[in-house]
Amino acid sequence: PPAPAPRLRQRLLNPQPGKLPLESIQVVLEELRKNGNLEWLDKNKTSFLIMWKRPEEWGKLIYQWVSKNGLTNSVFTLYELVSGDDTEKEEFHGLDEATLLRALQALQQEHKAEIITLDDGRGVKFF
């Protein structure tokens with residue numbers, strides 16, 4: 001049989017240009033999850049959070065700043081950590097609260113920090 005016209009051949013090879021098949025998307029998402037850069041937000045796996053850095057990586061950056069500045073055994077509000085003048089030049093400055101909490105929870109598991117409740121919200125003590 002004659003070869004299909006170029007336009008028809010393109011349609012046969014890629015029926016919907018610009019769209020990945022669902023199976024391919026699932027493979028990519030699963031790989032991100034395995035690497036710690038994706039967290040499913042629901043049981044049906046329809047909503048997810050993609051993270052530029054894993055919480056452990058953010059925690060490491062925060063703890064390096066704490067150590068470098070001699071601030072172990074200090075208490076900070078979450079606001080001070082991500083919005084304070086002292087952290088302005090740090091990569092974690094401006095980090096959203098949900099990601100910050102995940103990072104601090106990772107540090108808490110390593111016994112390097114403890115998330116605490118303060119009068120005006122939450123804070124963290126570094127060890």
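Helices here are DSSP runs of H or I with at least four residues, numbered from the N terminus. With that in hand, let's work through some exercises on this predicted model.

**Exercise 1. Glu 80**

Find the element that holds Glu 80, decide whether its side is buried, partly exposed or exposed, and name the charge patch to which Glu 80 belongs.

*Solution.* Start with the place: Glu 80 sits in helix α4. Next, take the relative accessible area, which is 37%. Buried means under 20% and exposed means over 50%, so Glu 80, at 37%, is partly exposed. Finally, look at the surface around Glu 80: together with Asp 85, Asp 86, Glu 88, Asp 119 and Asp 120, Glu 80 forms a patch of negative charge.

**Exercise 2. Thr 87**

Locate Thr 87, classify its exposure, and list its contacts beyond four places in sequence.

*Solution.* Thr 87 is found in the loop that runs between α4 (78-83) and α5 (97-109). Its relative accessible area is 1%; the limit for buried is under 20%, so Thr 87 counts as buried. Setting aside neighbours within four places, Thr 87 touches Trp 65, Glu 80, Leu 81, Val 82, Phe 92 and His 93. Glu 80 from the first exercise turns up again among these contacts.

**Exercise 3. Phe 48**

Which strand contains Phe 48, and how far in space is Phe 48 from Leu 38?

*Solution.* Phe 48 belongs to strand β2, residues 48-50. Leu 38 is ten residues away in sequence, and the C-alpha to C-alpha distance is 6.7 Å. Leu 38 is also one of the contacts of Phe 48, along with Leu 29, Glu 39, Trp 40 and Leu 41, once neighbours within four places are left aside. As for exposure, Phe 48 has a relative accessible area of 35% and is partly exposed.

Conventions
Residues numbered from 1 in each chain as written. Predicted model: local features only at pLDDT ≥ 70, side-chain atom pairs only at ≥ 80, totals over all residues. Heavy atoms only, no water. Helix = DSSP H or I, 4+ residues; strand = E, 2+ residues; numbered from the N terminus. Buried < 20%, exposed > 50% of the residue type's maximum accessible area, 1.4 Å probe, protein only. Contact = heavy atoms within 4.5 Å. Patch = residues over 30% accessible without salt bridge, like charges linked within 9 Å, V, L, I, M, F, W, Y side chains within 5 Å. Areas by Shrake-Rupley, 256 points an atom, 1.4 Å probe, with all protein chains shown as cover. Salt bridge = Lys/Arg side-chain N within 4 Å of Asp/Glu carboxyl O. Lys, Arg positive; Asp, Glu negative; His and termini not counted. Charge placed at Lys NZ, Arg CZ, Asp CG, Glu CD.
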